[in-house]
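Open the structure in your viewer and keep the selection panel handy. We will go from stop to stop, with something to select at each one.

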Amino acid sequence: MDRQFEQMMQVNIQGRVFIICQAHGVTDPTIIGYYTDIMHQAISAMLHDESTPADFHQLLNQQAEWLESEIGQVSDPAESEESSAASDENEDDEVDSDEQAPKILNANKKATGYVPDAKSMPERLKDLRSDMEYLILNDCVTLKLVSPNQAKKLKHGLVGKIPEKAEEEVVALLRNALHAQIRKFIRKHNGGPWATATLQTEIRMDITRTRSVRSLVSLSRQLLEEREEWLLKTKNSLTGRFFGGKVKMDK
């Protein structure tokens, strides 16, 4: 694949991703850049030296359909909110007088004088991100998704951010790391346990679908187990460089 072909790919992928993201109201350059990288990796993996521009555009259209579906699920939550609201209303209507009676009796009880401690906003945010911080500093480092220093920087970067937004940024970074590790192992071992294009595409899609640090860690462990099983079956003496080297799994 020559340089001109590569440049043509990059320009077309960037343009298509930008148009799709804009149509769904996604304007964050980080997210747009992430989807551009994902589509570029997926298309590049399915092309070969004899591929033509027509082959590329066919793959681009296929990946664009996937991206439309992917962003649509994330950016159009209105239907789920409406159904949730309707469900809440139905539950309220189904409460009978017998269930309401204890509430009336409880209202007549004397106050105990206990007042729960009110947490500040920084404290509440810290509680919400504590699980994510633990996974980053421990599981992600063990799986070689990040180095110890990177993990510390990621944890520091979470401070003051809305947990949901912060997790999006962290997951995007971890996805890219896992994509790179999978691609390196596949190239080094001629596919390894994922020797067909279909299996490799499924893995890329599985990684891209992850929405939380916990789900990405779980997927990483699953892929690591598949890699270890394959190495044992093929009696490969190499411990490999997948996930940065040999990883000891917690039993």
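The tour below starts with confidence, then visits a helix, a pocket and two loops.

**Stop 1: colour by confidence**

This is a predicted model, so begin by colouring the chain by pLDDT. The chain average is 75, and 70% of the residues score at least 70. Select helix H7 (residues 139–142), where confidence is highest, at a mean of 93. Then jump to helix H5 (residues 97–107), where confidence is lowest, with a mean of 43. Now widen the selection to residues 91–116: the pLDDT is below 50 here, and the stretch has 2 contacts in the model beyond near neighbours in sequence. Residues 236–251 also have a pLDDT below 50, but that stretch has 41 contacts beyond near neighbours in sequence.

**Stop 2: helix H2**

Select residues 29–46, the 18 residues of helix H2. How far apart are its end C-alpha atoms? They are 26 Å apart, which agrees with the 26 Å that the helix should span at 1.5 Å a residue. Next, highlight the buried residues of H2: Ile32, Tyr34, Tyr35, Thr36, Ile38, Met39, His40, Gln41, Ala42 and Ile43. Keep His40 and Gln41 in view, since both return at the next stop as part of a pocket lining.

**Stop 3: the second largest pocket**

From H2, select His40, Gln41, Ser44 and Ala45, then add His179, Ile182, Arg183, Ile186, Arg187, Gln200 and Arg204. Together these residues line the second largest pocket, which holds about 250 Å³ of space. Which helices each supply at least two residues of this lining? They are H2, helix H9 (163–188) and helix H10 (197–209). The largest share, 5 residues, comes from H9. Try colouring the lining by residue type: you should find 3 nonpolar, 5 polar and 3 charged residues.

**Stop 4: two loop residues with positive phi**

Go to Lys144, in the loop between H7 and helix H8 (148–158). Its phi is near 65°, a positive value in a residue other than glycine. Is Lys144 buried or partly exposed? With a relative accessible area of 39%, Lys144 is partly exposed.

Finish at Asn190, which sits in the loop between H9 and H10, two helices you met at the pocket. Phi of Asn190 is near 50°, again a positive value in a residue other than glycine. Asn190 has a relative accessible area of 72%, so this residue is exposed.

Definitions and conventions: Residues numbered from 1 in each chain as written. Predicted model: local features only at pLDDT ≥ 70, side-chain atom pairs only at ≥ 80, totals over all residues. Heavy atoms only, no water. Helix = DSSP H or I, 4+ residues; strand = E, 2+ residues; numbered from the N terminus. Expected span 1.5 Å × (residues − 1). Buried < 20%, exposed > 50% of the residue type's maximum accessible area, 1.4 Å probe, protein only. 1 Å grid on protein atoms, 1.4 Å probe; cavity = no way out; pocket = protein on both sides within 12 Å on 5 of 7 lines; lining within 4 Å. Points joined across faces, edges and corners; volume = space filled by probe spheres on them. Nonpolar A, V, L, I, M, F, W, Y, C, P; charged D, E, K, R; others polar. pLDDT = per-residue confidence, 0-100. Contact = heavy atoms within 4.5 Å.
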